[in-house]
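Here is a friendly walk through one protein model, from the whole chain down to a few backbone details. Have the structure open as you read.

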Amino acid sequence: MRSSSWLRFTVVLAARGVIAALVGVAFWGIAPLALGWHTTTVMTGSMQPTLLPGDVVVSKPVPAHDLRAGQVLLFPDPDHAGVLRLHRLHDVDARGELVTKGDANPEADSTAVARSSVVGVGYLRVPLVGLPVVWAAEHRTVPLVALAAGIVVLAGFAVVPAVRTRTDAPTDRLPRHGRHRAARPRRPRARAVVVAATACAVVGVALPAPAAAAAFAATTTTGASSITTAVATPVTGLTCTNVGNAAVDVGWTYSGVAPERFTVLVDGAASGISTAAGERDVTLGASDFFVWKTSTISVRTDLTDTWTATSPSTVRITTIRLFGLGRTSCAR
């Protein structure tokens, strides 16, 4: 075999090996979804050196009573609506709620987490496979384009035959009346390249959704100084008082930074009822709720539309409404 043939064989084999490795890594980042597990991409560095930005973490659902200190938990970020947080279980407070902390953060997270809100426990780490997600979130087009071009080039080499095939067709020795061109076998290289590139694109799109592996801690140390960041503080001391025969007054205390508003949550969902930042109570009437129902009321502090914190304490109210008439009272 000539040197050029050896070079061809080596390049094609190496390209196929890299493509196979990429597909294998992507498989381990996506396949657990079929088991009902969760895959998330680490977006920040608060869990370093355990987890790096771009790592994909597979989280396995576990019963709430099996949660133990030291486990890495995936749960809804209490300070950022619609975002997941991936932090280590640091401690359990006096109310039985979970205190979490990023490995790289100097302090524990400011808001405790209910056991029931934990989505899963970190079970498997796939290193750096989620970097395209991080680059896309940071609007870094150069590495994204370079990665896509590299995958397309590798796919192009991977579909080339590793050994050149030689066809001997002695057509010049045939009589003129019997001479014809030997049909060359068609190699669908272009089609294979397109299919491989499309598969890579699908894998890229299917990469796990981002999870904030760290929100800001209350204090960030920088040398000899520290920078205190604004944190949504939950209200405390919820109370319920009957007002007449048809309504209740829900009150609370608050000592944090003035928010945009307070939002009333009914059974954990926003009710559409909110108050101004300076108010510390809200009146709830029978017309605001369903028929014959006992509901759990909590109050969410909306520092902004995305920076929020829900009160750890709740009150319960009972609403009965029949034929357009009804009442709401505090449940004991």
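What follows starts with the overall chain and then turns to its backbone geometry.

**The chain as a whole**

Keep in mind that this is a predicted model. The protein chain has 332 residues, and 33% of them are buried. Its secondary structure consists of four helices and 18 strands. Among contacts in the protein chain with a separation of 6 or more, 62% are between residues 24 or more positions apart. The chain exposes about 19,100 Å², with carbon and sulfur atoms supplying 61% of that area.

**Backbone details**

Most residues other than glycine have a negative phi, and most peptide bonds are trans. Against that background, a few places here deserve a look.

Which bond joins Gln 48 and Pro 49? A cis peptide bond, with omega at about 0 degrees. You will find Pro 49 in the loop between β1 (38-42) and β2 (56-60).

Two residues with positive phi are set out below.

| Residue | Phi | Loop | Relative accessibility |
|---|---|---|---|
| His 139 | near 60 degrees | between α2 (131-137) and α3 (141-158) | 70% |
| Asp 267 | near 55 degrees | between β12 (261-266) and β13 (269-275) | 41% |

Is His 139 buried or exposed? His 139 counts as exposed because its relative accessibility of 70% is over the 50% cut-off. Asp 267, at 41%, falls between the 20% and 50% limits and therefore counts as partly exposed.

Note on methods. Residues are numbered from 1 along each chain as its sequence is written. This is a predicted model: local features need pLDDT of at least 70, side-chain atom pairs count only at pLDDT 80 or more; totals for chains, interfaces and linings use all residues. Side-chain values use heavy atoms; hydrogens and water are left out. Helices (H or I, at least four residues) and strands (E, at least two) are DSSP runs, numbered from the N terminus. Buried means under 20% relative accessible area, exposed over 50%, partly exposed in between (1.4 Å probe, protein chains only). Contact means heavy atoms within 4.5 Å. Accessible areas come from the Shrake-Rupley method with a 1.4 Å probe; for residues, only the protein chains shown count as cover.
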